[in-house]
Amino acid sequence: MPTTVITGRDLALTIATKTYDAQVTTCTLEADHVIETYQTLDGRAYKAIDDSWTLNLEMLADWGASGGAGTYSICELLWAAAESAPNTTLACSLTAATGAVFTFDVLPTFPSVGGSAPDAQTVSLSFQVVGTPNETFS
């Protein structure tokens, strides 16, 4: 069976029903899987007790992007959500070209503003995922 190589270009990110792939340069969904170790008379025992998920994004800043032709400013969407409804989740979907789909909710966070000259403005974001992502493998 040939090896399938998936790159960052093979991922599409959707937040609040709008797809962002043109300006996102890095997108990772990561788990912090907490396992406790207990020393018993029979030896060590392990127990998974918690999972905490994080969505990490690196992206080109898109302040001022218009709503025409399918473009939306994710920076402005996140700023407005973090300012007006910081405890309201945003629905997300991360899709790989192979068909694997991960759906989850994140809490909004404020994007940074500014950057170094003459570089393109970039934004690094780390979102708290609420609950556990659902996965569909095809």
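Partly exposed residues are those between the buried range, under 20% relative accessible area, and the exposed range, over 50%. With that in hand, here are some close-up views of the aromatic rings in this predicted model.

**View 1. F102, a partly exposed ring in strand β6**. The relative accessibility of F102 is 25%, so this residue counts as partly exposed. Its partner in View 3 is F137.

**View 2. W79 and F110 meet edge-to-face**. Three aromatic pairs are counted in the model, and this is one of them. The ring centres of W79 and F110 sit 4.8 Å from each other, with 75° between the planes. The pair links distant parts of the chain: W79 belongs to helix α1 (residues 74–84), while F110 is found in the loop between β6 (101–106) and β7 (122–136). The two residues are 31 residues apart. Both count as partly exposed, W79 with a relative accessible area of 33% and F110 with 42%.

**View 3. F102 and F137 pair up across the sequence**. Here the ring centres are 5.8 Å apart and the planes stand at 75°, so this pair is edge-to-face too. Because F102 lies in strand β6 and F137 in the segment after β7, the pair ties together parts that are 35 residues apart in sequence. F137 has a relative accessible area of 59%, so this residue is exposed, whereas F102 is partly exposed.

**View 4. A cluster of aromatic residues**. Take another look at W79 and F110, now with W63 in the frame: W63, W79 and F110 form one aromatic cluster.

Terms used: Residues numbered from 1 in each chain as written. Predicted model: local features only at pLDDT ≥ 70, side-chain atom pairs only at ≥ 80, totals over all residues. Heavy atoms only, no water. Phe/Tyr/Trp six-rings, centres within 6.5 Å; stacked < 30°, edge-to-face > 60°. Helix = DSSP H or I, 4+ residues; strand = E, 2+ residues; numbered from the N terminus. Buried < 20%, exposed > 50% of the residue type's maximum accessible area, 1.4 Å probe, protein only.
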